[in-house]
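The following report describes a single protein chain, going from individual residues to the packing of the whole. Please keep the sequence and the model in view while reading.

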Amino acid sequence: MSSENLQEIVKQKYAAAAKQVIAGGTATCGSGAELSCCDPITKNLYEESQTSTLPAEAVAASLGCGNPTALAQLEPGEIVLDLGSGGGIDVLLSAKRVGPTGKAYGLDMTDEMLALAHESQKKAGVENVKFLKGTIESIPLPENSVHVIISNCVINLSVDKDRVLREAFRVLKPGGRLAISDVVVRGEVPAEIRKSMELWVGCVAGALEEFEYRDKLFTAGFENIDIEPTRIYKVEEARDFLSSSGLDVGKIGPLIDEKFMSAFVRATKPHPKAACCGPSCCAPKG
Ligand SMILES: C[S@@+](CC[C@H](N)C(=O)[O-])C[C@H]1O[C@@H](n2cnc3c(N)ncnc32)[C@H](O)[C@@H]1O
């Protein structure tokens with residue numbers, strides 16, 4: 001399947017999830033068997049003190065696998081970008097943290113998710129927020145324009161993760177921070193899982209192996225790379241989902257037990273090295 005087709009399928013799944021929220025429900029990753037993928041992953045990520053300040057729709061639309069706003073360092077006045085902002089929960093929380101002198105951008109490719117996010121912004125009455133339509137593979141912002149990039153369970157869905165990380169690097173200011181939650185794999189993943197389209201859309205099979213993730217971040221130019229597990233999944237948690245996807249859990253279970261984790265991925269964009277302008281500025285002092 002081509003990358004365009006794959007991206008179109010992802011878009012349709014999240015459009016359907018947004019419509020579930022608009023109809024008064026809670027967002028899920030898809031329908032039927034695919035729903036359960038999100039359960040152990042998305043539940044109980046936010047403190048009541050955070051969700052109680054947000055519109056109900058923003059909370060119901062949450063489909064992340066972590067809470068990057070709780071883990072990321074965000075300072076008043078900073079510009080934050082959320083890659084794959086969905087219903088906008090992390091954008092609204094970030095906007096509070098950076099305050100009126102800062103700004104929070106949310107980027108998403110799915111119209112229905114953007115509509116939901118705009119609605120939540122209106123209800124929350126927050127002004128330092130802007131939602132952008134576009135893909136995380138081609139970020140519609142200039143280079144060196146953002147202090148912090150957050151993202152919550154989206155990079156695993158991308159068909160071109162190298163490009164996403166290159167784009168993240170481009171738009172970050174020198175010294176800027178990447179602080180994302182994502183599903184990460186430890187070690188090899190059985191082929192049955194990699195090829196399952198439902199699992200891909202449902203957040204799992206597109207996940208990078210942790211050393212591959214580090215390599216890609218390094219290749220994109222990042223430094224201070226760190227991958228910290230926030231939840232490690234046992235096969236029991238995914239049993240129903242895997243069985244209903246037609247996978248033989250007895251066979252593949254031991255191969256995937258505790259191999260998938262939600263993780264907090266951190267890295268920074270280095271400051272450019274000072275150009276040597278001759279002995280007067282480069283020679284050691286003293
Ligand atoms: C798993 S949901 C996460 C939403 C949000 N971050 C949250 O925590 O609730 C994935 C979101 O990313 C968006 N998305 C997936 N792939 C994308 C891409 N390549 N470019 C832009 N948005 C994308 C989907 O439209 C969807 O809203």
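Ser 120 is buried, having a relative accessible area of 1%, where buried stands for under 20% relative accessible area, exposed for over 50% and partly exposed for what lies in between, with a 1.4 Å probe and protein chains only. Ser 120 belongs to helix α7, which covers residues 111-124; helices (H or I, at least four residues) and strands (E, at least two) are DSSP runs numbered from the N terminus. Neighbours within four places in sequence aside, Ser 120 is in contact with Pro 55, Glu 57, Ala 58, Gly 87 and Leu 92, contact being defined as heavy atoms within 4.5 Å.

The model is predicted, so local features need pLDDT of at least 70 and side-chain atom pairs count only at pLDDT 80 or more, whereas totals for chains, interfaces and linings use all residues. Residues are numbered from 1 along each chain as its sequence is written, and side-chain values use heavy atoms, with hydrogens and water left out.

**Further residues**

The table gives the relative accessibility of four other residues.

| Residue | Relative accessibility | Class |
|---|---|---|
| Ala 61 | 3% | buried |
| Cys 153 | 4% | buried |
| His 147 | 23% | partly exposed |
| Glu 258 | 39% | partly exposed |

Ala 61 sits in the loop between α4 (56-60) and α5 (68-71), and, residues up to four places away in sequence not counted, it touches Val 21, Ala 27, Gly 87 and Leu 116. Gly 87 is thus a contact of Ala 61 and is also in contact with Ser 120. Between Ala 61 and Lys 19 there are 9.6 Å in space, C-alpha to C-alpha, for a separation of 42 residues in sequence.

His 147 has its place in strand β4. The C-alpha atoms of His 147 and Ile 79 are 5.3 Å apart, although the two residues are 68 residues apart in sequence. Ile 79 is also one of the residues that His 147 touches, the others being Gly 77, Glu 78, Leu 172, Lys 173, Gly 176 and Arg 177, again without residues up to four places away in sequence.

Most residues other than glycine have a negative phi. Cys 153, in the loop between β4 and α8, has a positive phi near 70°. Glu 258, in the loop between α13 (249-256) and β8, likewise has a positive phi, of about 60°.

**Nonpolar cores**

A nonpolar core is a set of buried Ala, Val, Leu, Ile, Met, Phe, Trp, Tyr and Cys residues joined through side-chain atoms within 4.5 Å. The largest such core has 31 residues, and Leu 81, Ile 149, Tyr 213 and Phe 222 are those with the most contacts inside it. Two or more residues of this core come from each of β1 (79-83), β2 (103-108), β4 (146-152), α8 (161-171), β5 (172-185), α11 (210-220) and β8 (260-268), and the largest share, 5 residues, is that of α8. Phe 222, leaving aside neighbours within four places in sequence, is in contact with Leu 165, Ala 168, Phe 169, Leu 172, Leu 178, Leu 217, Ala 267, Thr 268 and Lys 269. A second core, separate from this one, has 16 residues and includes Ile 41, Cys 153, Ala 207 and Ile 252.

**Cavities**

How many cavities of 30 Å³ or more does a search of the whole structure find? There are 2 of them, and the largest has a volume of about 430 Å³. On a 1 Å grid over the protein atoms alone, a cavity is a set of points where a 1.4 Å probe fits but cannot get out, and lining residues have an atom within 4 Å of a point; grid points are joined across faces, edges and corners, and a volume is the space filled by probe spheres set on the points.

The lining of the largest cavity comprises 31 residues, of which Gly 84, Gly 86, Asp 108, Val 154 and Leu 157 are the closest to its centre. At least two lining residues are supplied by each of α1 (3-22), α6 (89-98) and β2, with α1 giving the most, 3 residues. By class the lining holds 14 nonpolar, 13 polar and 4 charged residues, where Ala, Val, Leu, Ile, Met, Phe, Trp, Tyr, Cys and Pro count as nonpolar, Asp, Glu, Lys and Arg as charged, and the others, Gly among them, as polar.

**The chain as a whole**

The secondary structure of the chain amounts to 14 helices and 8 strands, and 52% of its 286 residues count as buried. Among contacts with a separation of 6 or more, 78% join residues 24 or more positions apart.

Notes. 1 Å grid on protein atoms, 1.4 Å probe; cavity = no way out; pocket = protein on both sides within 12 Å on 5 of 7 lines; lining within 4 Å.
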